[in-house]
Amino acid sequence: MGINKEFLEKALALLPTPAQQTVTVADTVTFSKNGLKITKHPAEDYRLRVLSRGDSICLDFGDHQVGYLHLKLRRVGGHSDAPVPLHIRFAEQPIEFFENPEDYRGAICSGWIQQEFLHVDLVPSELHMPRRYAFRYVKIEVSDISPSFKLAFDEIYCTAVSSADDTVLEPYSYNDELLCRLDKIACRTLHGCMQTVFEDGPKRDRRLWMGDLRLQAQANYETYKNNNLVKACLYLFAALPMPNGQISACLFLEPEIEADDFYMFDYALLYIPTLLDYYNATGDIDTVNELYNSAIKQIGIAEKWIGENGIVIDSEEVGWRFLDWTAELNKQAGSHGVLLYAIKKAIELAKITNDEHTVKLLADKHKKYRKAALDVLWDNDRQLFISGKERQVSFASQVWMVLGGAVEGETASKLLEQIKKQSDAIGMVTPYMYHNYIDALITAGDANKALEVIKSYFGGMAELGADTFWEIYNPENPDESPYGGTIVNSYCHAWSCAPAYFLRKYFSK
Ligand code: RAM
């Protein structure tokens with residue numbers, strides 16, 4: 001399938017130019033050895049520091065920023081008779097400074113490490129760094145300098161960019177300090193990820209991912225209400241499908257607009273609820289009518305992976321099913337749950353567009369695949385859904401079965417209690433999976449338990465000093481990385497805005 005030019009044009013016309021804001025340095029700081037404790041030096045203005053060979057200075061911009069750094073350099077002493085090599089590092093979290101970039105051997109490109117090596121030919125001069133960075137802290141080290149002079153700074157500031165407008169953000173009010181704090185961190189997370197499109201993370205991968213978009217859009221409706229940005233992203237995905245019509249997993253906007261070349265079973269299906277949520281937030285029936293076929297088609301594409309027993313097959317052939325970053329997770333039951341969930345949402349979309357024929361067809365499919373889930377994947381002794389040949393039990397499997405409507409009400413509630421008691425259950429490590437867990441608890445009628453999870457899980461990150469919520473957080477191993485080094489972890493990640501969505505929608509007064 002080629003590019004749908006009409007959809008692409010509509011999308012491009014809606015894409016915003018992020019607004020700019022000048023942000024100045026809040027403090028000069030130093031970190032204790034473990035990188036977690038920050039000692040502030042409010043009295044020590046960075047402009048007064050005079051740097052020689054090997055000296056460094058660490059600056060705190062007060063909150064998470066996404067933007068461009070500017071430096072006005074001053075010379076102290078004699079003539080600037082040799083270039084000054086600078087090593088500039090950016091960090092969202094202090095821990096990034098405590099990993100040596102040269103030691104990183106992880107799976108994804110070290111190009112994501114936020115650093116620059118610059119030679120400044122003449123001082124005094126001004127540096128306007130061309131690359132956008134995501135950071136709260138900046139460390140500038142003078143790698144070498146001629147003995148004739150020393151280096152100082154007249155001014156350091158950042159041009160921060162975002163398409164989230166803080167002036168439209170209504171304050172969140174609830175009689176609980178922690179919840180207000182979590183909402184604030186979640187909004188800041190979304191703020192950083194809202195650029196020309198909804199990015200997954202402004203540090204990395206800085207692109208539009210389908211799975212992330214669904215959750216960002218949900219948080220957006222409760223906060224910044226930039227609904228045209230969601231609409232643009234929905235049109236972009238419909239404009240650039242995979243050759244078989246499947247919605248792409250992620251899109252690049254530059255140097256040219258292109259879909260990445262891998263298939264993701266769950267992300268493609270999640271286009272359906274994302275379109276439905278958009279309709280529910282905006283009532284924009286014209287957009288739904290235009291994008292309806294692209295959405296509904298995803299069910300038929302996914303059904304190709306249903307085996308004779310009526311269940312999504314347990315095989316890598318299906319393509320990447322994300323669900324969570326837990327390495328050992330078997331994804332069969334979770335995938336089946338995502339399919340059930342997508343069908344449920346597709347029925348609602350078909351009702352909205354008065355497509356009665358499809359409503360009936362999809363209702364039959366949901367019934368059939370739900371029955372298959374209960375016949376094949378339900379373990380009556382354990383009172384849980386199992387997944388794969390090894391009959392693995394995991395939170396992900398139960399959560400998606402609840403969201404998919406395989407079980408409902410009291411049974412769903414009991415299931416989510418039952419999984420907590422299993423010592424062999426595969427847990428969850430991403431805020432993405434926790435978002436779905438919280439959603440499942442609310443769906444099962446356990447809003448208070450959902451609130452406790454928000455408090456303990458997202459509160460755990462806040463406790464560790466998060467200004468924005470992270471791509472991955474395993475409470476049992478806070479420094480876990482799916483890539484082999486926290487230096488490439490994203491600490492402001494789209495799929496982590498859950499508190500802003502859930503708190504404002506279900507727990508506000
Ligand atoms: C990560 C991205 C993104 C996620 C995919 C599956 O690399 O950061 O958030 O959607 O993986």
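# A guided tour, from a small sheet to the ligand

Select Leu 251 to begin: its bridge partner, in strand 12, is Ala 259. Strands here, and helices, are DSSP runs numbered from the N terminus (E of at least two residues for a strand, H or I of at least four residues for a helix). This is a predicted model, in which local features need pLDDT of at least 70 and side-chain atom pairs count only at pLDDT 80 or more, while totals for chains, interfaces and linings use all residues. Residues are numbered from 1 along each chain as its sequence is written, and side-chain values use heavy atoms, with hydrogens and water left out.

**The small sheet**

Extend the selection to strand 11 (residues 250–252) and strand 12, which pair in the antiparallel sense over two bridges. Two strands count as paired if DSSP finds at least two bridges between them. Adding strand 10 completes an open sheet of three strands, with the order 10-11-12 and antiparallel pairing. Strand 10 (208–209) and strand 12 (258–259) stand at its edges with a single partner strand each, so one side of each has no neighbour in the sheet.

Next, select Pro 255, which lies in the loop between strand 11 and strand 12. The peptide bond that joins Glu 254 to Pro 255 is cis, with omega about -5°.

On the other side of strand 11, go to Ser 248, in the loop between helix 4 (227–239) and that strand. Is Ser 248 buried or exposed? It counts as buried, at 0% relative accessibility. In these terms, buried means under 20% relative accessible area, exposed means over 50%, and partly exposed lies in between (1.4 Å probe, protein chains only). The side chain of Ser 248 reaches the backbone oxygen of Leu 240 at 2.5 Å. Such a polar contact is a pair of N or O atoms within 3.5 Å; within protein, one must be able to donate a hydrogen and the other to accept it, and residues adjacent in sequence count only if both atoms are side-chain atoms.

**Strand 8 and its partners**

Now select strand 8 (residues 133–142). Eight of its ten residues are buried, so strand 8 is largely enclosed by the rest of the structure. Strand 4 (residues 56–77) runs antiparallel to strand 8, and eight bridges join the two. Strand 5 (residues 84–91) also pairs with strand 8 in the antiparallel sense, over six bridges. Which residue of strand 8 is the bridge partner of Cys 58? That partner is Lys 139. Lys 139 is likewise the bridge partner of Arg 89.

**Helix 1**

Move to helix 1 (residues 5–14), where Phe 7, Leu 8 and Ala 11 are buried. These residues cover an arc of only 100° around the axis, which puts them on the same side of helix 1. The arc is that of the directions from the helix axis to the C-beta atoms. Turn the view to the face away from this buried side to find the exposed residues Lys 5, Glu 9 and Ala 13.

**Two loop residues with positive phi**

Select Lys 225, in the loop between helix 3 (210–222) and helix 4. Its phi is near 50°, a positive value in a residue other than glycine. At 46% relative accessibility, Lys 225 counts as partly exposed.

Then select Asn 354, in the loop between helix 8 (332–352) and helix 9 (356–377). Phi of Asn 354 is near 60°, again positive in a residue other than glycine. Asn 354 is exposed, with a relative accessible area of 60%.

**The ligand**

Finally, select the ligand and the 13 residues around it, of which Asp 200, Arg 204, Asp 212, Tyr 267 and His 493 come nearest. A residue is near a molecule if one of its heavy atoms lies within 4 Å of it. The shell divides into seven nonpolar, one polar and five charged residues. Here Ala, Val, Leu, Ile, Met, Phe, Trp, Tyr, Cys and Pro count as nonpolar, Asp, Glu, Lys and Arg as charged, and the others, Gly among them, as polar.

Asp 205 is found in the loop between helix 2 and strand 10, and a cis peptide bond, with omega about 5°, joins Arg 204 to Asp 205. A polar side-chain atom of Asp 205 lies 3.1 Å from an oxygen atom of the ligand. For Asp 200, an N or O atom of the side chain is 2.8 Å from a ligand oxygen atom. For Tyr 483, the distance from a polar side-chain atom to an oxygen atom of the ligand is 3.4 Å. Taken alone the ligand exposes 300 Å², and the protein buries 96% of that. These accessible areas come from the Shrake-Rupley method with a 1.4 Å probe; for residues, only the protein chains shown count as cover.
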